[in-house]
Amino acid sequence: MKVTHCFIIAVALTSLTSAFNLEPREAIILSDVTQGQDPGGRGSYFGFSVALHYLAHENNAWLVVGAPRANSSYYNPEQITEPGTIFKCNLRSRECEELFIDREGNSESLDQNSEFRYMDLKNNGWLGGALDSQPTYQAGRQAVGVCAPRWKNQLYQGTYLMNGACYWLNSSLPNAPAHKKLPLVQFSKQTYPIRGRRLFFYSHGGAGLSVHFSEDPTEMLIGAPGVFNWQGTVIRLRDAGLPPIGEISRRRRRRQAPVSEYQMFSSQFIPNPYYTSSIEDFDLFGYSVTSGKFLSSEILYAAGATRGAKSLGKVILFAFPRLEEMQLEVVYEWVGTQIGENFGASLVAADTNGDGFSDLVVGAPMFFRDDATDMGKVVLYKTTLKQGYVTMEASDRRYYGSAKAGARFGTTLAACGDLNQDGYEDIAVGAPWEDDQGAVYIYLGSLQGLRPKFSQHLTPQHFSVPLSGFGMSISRGIDIDVNGYPDLAIGSFLSGHVAVLRSRPVVSIAGLITSSPTSVALNDTSLELLVCFDHRGFNAPSELGLKGNITLDYKFLSPRAFFPDTNTFVKSFSQTTLIGEQRCKEYAVKLKADKIDARQPILMRVEWELDHSQSSQLLSQPIMDPGHLASKTEHVGIITGCEKDGDETCRVDLRVETTLLDQETVFVIGGEDKPSVTVTVFNTGEPVFLPNVTVSVNPPLALLLPNTHNCDFPSADNRTFLACHLRNPIMPHEKDEVKVAIDISQLDDRATNSSIRVEVAGEGTEARPQDNAFAYALPMRAEASLKLHGYSKEEQILYQRLEENKINTTTTPRFQHIFSLKKSGPTPVGEVELIVDVPVNFTTRGKSSTFVNILNEPETNFQQQGFQCRVVGASVRPDEEPVGDTFGVPLLTNVSEPEVKEQQIISSMESKDTSLEPVKLNCSNPLVSCARFSCLIKSLPASISFAELSIKMSLNLTVLAGHISAKGGAVVQSYARAKILSLNPDLSFVGEKETSFVVTTQVQPDSLPGRGVPWWVILLAVLGGLLLLILLAYGLYKAGFFTRKEQEEMKAHRAQVETSNYGAVNAGMVGD
């Protein structure tokens, strides 16, 4: 069956991450030709194996694709189900066809008497599960090998022997029966007798799980991991008539006569793993296989045993013995690092370091980390020459691709050949489950082996069709378009596609940038740049276009050079380059007068890339090797003047001095004065570049930015450390100074005489570093005063005195003592303690009785907020005064319940004292105990501020009556005092630190009852009053009071006025 089922994708993708010379935009995409033939059927795994096959003498290229789950169009699928198929696609004509390489069906062999008899069971045989091709035509062949590892021999009724089958096709890949190889069908070796029992030997060998052609064109290697109880082995097929294995080295150079196609690969050699101690049951040796010239010109072989070394995985490098019943000649044995990482699942040999010997690359696709399960890894074992001997050692590098969980990086390995033609062979690594779609990584070789970073990361996003399982198979690198660079085929088996990627030429661009002059003086203002390019490369175009940028003073924050025509420090350019011939261009450059840091050279950098704007053929467009620099930098030195003593080191001698404004002044904390310090920097040595001075203080001091210099705070939220750039440079015997103001607004009375620290530095070697720093103490003092005031709300409390010595105790008088604390002065105060002592109890004969009750918590106010007070020595009672009634039953706190009931009945109590003097009730009275209010007021500001404390109290007259005179009353005195707690004792202070005040409430009777006045006292008073009146009248008479001239004048004047008024009125009336 011949079909045309391929198409070319040529789309311009906007983003090709990690792009190199395998060009996905021109990829040939081949899809599964069996899709749709079996409606509802499962996928054929088209692309599970791939091989590129190029015949140089015919100049024709094919792609061979394995589809191990496909139904063959040659068989009836109901009889032979999913035997697997292979397809041959002509990459020139874009035609694909299925190859019918075995047309016998499930039939018995013709040889009925041989113990090599068999009967095919091709169902689910997985033809195309493994595939390889010889890269060149040698020894009369360029074979393709394909295997069906699940092929079974059903000759013995009731027993299916999964021996595996392989085929090889000659160079033209004819659609005809291929050469069939069944190395494990020998009846006598299906089991092996050991200690009275027979173990599986060939019966489940699974020959063809891996297949490989070595550099010797006459041999073909087949992995059979199920041989001998799944220990596994590697089968070697060679041409018939070749010398025994042990004589190969002696006869290798002899010219051998051509052999017939029938004799090719007809001699088989199957080592028995039982004799090799390195191989144990269930190791699966032969899971992968490769070969190479690792240590000499002799070919050695390597095979993976993924369950070897107790499931750590194992790889063995070996030579075949002379006889099958001899142990393998083990040269090296390497073991994995994690159980179950499948170390050895894939192998490839390539000369990655260019020393002429093959290096071995091993895949462990199930390697994991805590944060990435089944990410996979690849390990390189490279050849090394030590003391004249070639050895192999593991590279220090490990390769993980993108280190993505579930990617299974290292499932497939392939030798790409030399993709960039630099003399080092390269490899491709498949990660078919990366991001659930798959990926392929390209690693280039180098002198140290594989480069640490992949040069290309191919993902399905680079193609126009949806791919999955991408990277499950990768072909050898074969140059199918004859441009001198190998190409690759990559299988995407889950989606049923194969992508053929062709390589673009690789070039190396040599760039050069030089300046004239090569160094400049401090006062130089210009120079010339010369930028030159040429290129080299295998099969590269003779002329290439370049584009790029020239950057002046590269990486310098404030570039010191610029292009005069654009007034910028970056210029874009475009020019052409010839292969092997240098082309140059000149550019004028201007230099700034301020070289800033002359110790740092001016870096001139040119960066370039290929310009393909004039080219139309994408595959012919070269690409630059990612391992080669695409930039060049020229150092233009600055002559500093430090070279006079024979070296370029500037030997500077900086000295710093500080001067405080008004040095004799002591600054008042919170005052209006702003202290400032003037820092002067002297240089008595060679020129100093990038001089800078730092000023620091301790918080809460802060610094203010000067406006004369370029200063800043290194930490934006910290204003205690200031850095200033001084004049650059400071030449010998010159100086510079900067004035820095200090912010003391955040200081309070807790401050100390903080120091100001100044330090100067610059580029160069300092002669006397001891005078580069200076510290100065800032003299300060605090000014603040405290003043207490207070009053009693209800200055007098009057009680009713009923008799000579009785008081009415049915009332409960209430009163308040209110205190006001004033803080004045410019200095903020951190903490002030306010203490008020209030008399509350009488204590006599060990018994305490309360005469003053504290009602509610004290009311406090400081800047519209309260402050905390703690009460000791009394209980705070709720105020239960009835609304609208100022009197009520006394609230007794220290009287028993019978006493309370008694006082509710009795309306008066007899006083024990008859004195007229009031009793002073304060804390100095030995019979009185007091309650103490301890309050803490914080953060008193620089301005005048007030704090108020109000204590509400009630008077228990019942208790008070027993301790005072009903006639004399009492005086209740509260004593308050305040002091500054936060004041630093070492700080100079002006003001009042402490203050006190006494608030008094008078308690006295409302009146004094009368005693009666004698009659003679009243009579004497009346007579005395009459006598006094008579004497007063006589005195007035004698003074003329009753006959005064003024009195007569007043009477006459009044009469005149009255007469005048009368006449006027009458005249008016007549006129009417």
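**Figure 1. Leu173 and its surroundings in the predicted model.** A residue is called buried when its relative accessible area is under 20%, exposed when it is over 50% and partly exposed in between, using a 1.4 Å probe and protein chains only. At 1% relative accessibility, Leu173 therefore counts as buried. Leu173 lies in the loop between β12 and β13 (179-181), where helices (H or I, at least four residues) and strands (E, at least two) are DSSP runs numbered from the N terminus. Leaving aside residues up to four places away in sequence, Leu173 touches His53, Trp62, Val64, Lys88, Leu99 and Val144, a contact being defined by heavy atoms within 4.5 Å. Of these partners, Val64 is 109 residues from Leu173 in sequence, while the C-alpha atoms of the two residues are 9.3 Å apart in space. This is a predicted model, in which local features need pLDDT of at least 70 and side-chain atom pairs count only at pLDDT 80 or more, whereas totals for chains, interfaces and linings use all residues. Residues are numbered from 1 along each chain as its sequence is written, and side-chain values use heavy atoms, with hydrogens and water left out.

**Figure 2. Confidence along the chain.** The chain averages a pLDDT of 86, and 89% of the residues score at least 70; pLDDT is the predictor's confidence in each residue, on a scale from 0 to 100. Over residues 882-912 the pLDDT is below 50, although this stretch has 61 contacts in the model beyond near neighbours in sequence. Over residues 1057-1072 the pLDDT is also below 50, and here the stretch has 0 contacts beyond near neighbours in sequence.

**Figure 3. Aromatic pairs that link distant parts of the chain.** The structure holds 40 aromatic pairs, where rings of Phe, Tyr and Trp (its six-membered ring) pair if their centres lie within 6.5 Å, and planes under 30 degrees apart count as stacked, over 60 as edge-to-face and the rest as tilted. The rings of Tyr45 and Phe493 have their centres 4.9 Å apart and their planes at 75°, so this pair is edge-to-face. Tyr45 sits in the loop between β3 (22-31) and β4 (49-55) and Phe493 in the loop between β35 (488-492) and β36 (497-503), so that the pair links parts of the chain 448 residues apart. Tyr45 counts as buried at 18% relative accessibility, and Phe493 counts as buried at 5%. In a second view, the ring centres of Phe409 and Tyr441 are 5.3 Å apart with the planes at 80°, so this pair is likewise edge-to-face. Phe409 is in the loop between β27 (389-399) and β28 (412-417), and Tyr441 is in strand β30 (residues 439-443), 32 residues away in sequence. Phe409 is buried at 1% relative accessibility, and Tyr441 is buried with a relative accessible area of 0%.

**Figure 4. A ring cluster and two charges over rings.** Ring pairs join Tyr192, Phe201, Tyr202, Phe228, Tyr274 and Tyr275 into a cluster. Elsewhere, Arg141 lies over the face of Phe265, at 5.1 Å from the ring centre, and Arg605 lies over the face of Tyr554, at 4.5 Å from the ring centre. A charge sits over a ring if NZ of Lys or CZ of Arg is within 6 Å of the ring centre and within 35 degrees of the ring normal.

**Figure 5. Three of the disulfides.** A search of the whole structure finds 7 disulfides, each a pair of cysteine sulfur atoms within 2.5 Å. Cys89 and Cys96 form one of them, with sulfur atoms 2.1 Å apart, and the link is right-handed, with 115° about the S-S bond. Cys89 is buried at a relative accessible area of 1%, as is Cys96 at 2%. Another disulfide joins Cys147 to Cys166, S to S 2.1 Å, and its torsion about the S-S bond is about 105°, so it is right-handed. Because Cys147 lies in strand β10 (residues 144-148) and Cys166 in strand β12 (residues 165-169), the pair ties together parts that are 19 residues apart in sequence; both Cys147 and Cys166 are buried. In the link between Cys869 and Cys935, the sulfur atoms are 1.9 Å apart, and the disulfide is right-handed, with 115° about the S-S bond. Cys869 belongs to strand β68 (residues 869-872) and Cys935 to strand β72 (residues 928-940), so the pair ties together parts that are 66 residues apart in sequence, and both Cys869 and Cys935 are buried.
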